[in-house]
Amino acid sequence: MTATKPVDQLTLAVGRLYKGRRRRQNPFTGEYDDRIILYLDETTVQYDSYFVDSGRHYPKTTRVAFLRWAKEEVVEQASG
């Protein structure tokens, strides 16, 4: 089961998964353009996504731009 955190409570961290405000779905695989943070510093976020083609460099963006893109963080919850 997954839960989400709203954007006003977002804290960026390496290894976490974030949903976009306007999610796009790949028509062939059904995957969404959610992003996983690979690298983070004071100003830069580097992420991976299903929309990044194999063999390509992982995109980098500013923290501000990433937070503008992000709608919420996906949080895994243990069931039971």
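## Surface and overall layout

Let's start from the outside: the chain exposes about 5900 Å², and carbon and sulfur atoms supply 48% of that area. Keep in mind as you read that this is a predicted model. Of the 80 residues in the chain, 25% are buried.

How many helices and strands does the chain have? Its secondary structure comes to 1 helix and 6 strands. If you follow the sequence from start to end, the pattern reads β-β-β-β-β-α-β. Now look at contacts with a separation of 6 or more: 46% of them are accounted for by residues 24 or more positions apart.

## The nonpolar core

Which residues make up the largest nonpolar core? There are 9 of them: Leu10, Leu12, Tyr18, Ile37, Val45, Tyr47, Phe66, Trp69 and Ala70. Two elements give two or more residues to this core, namely strand 4 (44-49) and helix 1 (63-69).

Phenylalanine 66 is a good core residue to click on. Setting aside residues up to four places away in sequence, Phe66 touches Leu12, Tyr18, Arg35, Ile37, Val45, Tyr47 and Thr61. Several of these partners, including Leu12, Tyr18 and Ile37, are also listed in the core.

## Arginine 35, a buried charged residue

Arginine 35 belongs to strand 3, which covers residues 35-40. Is Arg35 buried or exposed? Its relative accessibility is 16%, and buried means under 20%, so arginine 35 counts as buried.

Who are its partners? Apart from neighbours within four places in sequence, arginine 35 is in contact with Arg16, Leu17, Tyr18, Tyr47, Asp48, Ser49, Phe66 and Trp69. Among them, Tyr18, Tyr47, Phe66 and Trp69 are members of the largest nonpolar core.

## Threonine 11 and glutamate 73

Threonine 11 sits in the loop between strand 1 (2-6) and strand 2 (17-20). With a relative accessibility of 45%, threonine 11 falls between the 20% and 50% limits, so this residue counts as partly exposed. Leaving out residues up to four places away in sequence, Thr11 touches Arg16, Tyr18 and Glu73. Threonine 11 and glutamate 72 are 61 residues apart along the chain, and their C-alpha atoms are separated by 10.0 Å.

One of those partners, glutamate 73, lies in strand 6 (residues 70-76). Its relative accessible area is 4%, which is under 20%, and therefore glutamate 73 is buried. The C-alpha atom of Glu73 is separated by 9.8 Å from that of isoleucine 36, a residue 37 positions away along the chain.

## Valine 52 in its loop

Where is valine 52 found? This residue is in the loop between strand 4 and strand 5 (60-62). Not counting residues up to four places away in sequence, Val52 touches His57 and Pro59. Valine 52 and arginine 35 are 17 residues apart in sequence, with a C-alpha to C-alpha distance of 9.8 Å.

## The largest pocket

Rolling a probe the size of a water molecule over the atoms shows where empty space is left. The largest pocket has a volume of about 180 Å³. Which residues line this pocket? They are Leu17, Arg23, Glu31, Tyr32, Asp34, Ile36, Asp48, Ser49 and Tyr50. By type, the lining divides into 4 nonpolar, 1 polar and 4 charged residues.

Some of these names have come up before. Leu17, Asp48 and Ser49 line the pocket, and they are also among the contacts of arginine 35.

How values were computed
Residues numbered from 1 in each chain as written. Predicted model: local features only at pLDDT ≥ 70, side-chain atom pairs only at ≥ 80, totals over all residues. Heavy atoms only, no water. Core = buried A, V, L, I, M, F, W, Y, C linked by side-chain atoms within 4.5 Å. Buried < 20%, exposed > 50% of the residue type's maximum accessible area, 1.4 Å probe, protein only. Helix = DSSP H or I, 4+ residues; strand = E, 2+ residues; numbered from the N terminus. Contact = heavy atoms within 4.5 Å. Areas by Shrake-Rupley, 256 points an atom, 1.4 Å probe, with all protein chains shown as cover. 1 Å grid on protein atoms, 1.4 Å probe; cavity = no way out; pocket = protein on both sides within 12 Å on 5 of 7 lines; lining within 4 Å. Points joined across faces, edges and corners; volume = space filled by probe spheres on them. Nonpolar A, V, L, I, M, F, W, Y, C, P; charged D, E, K, R; others polar.
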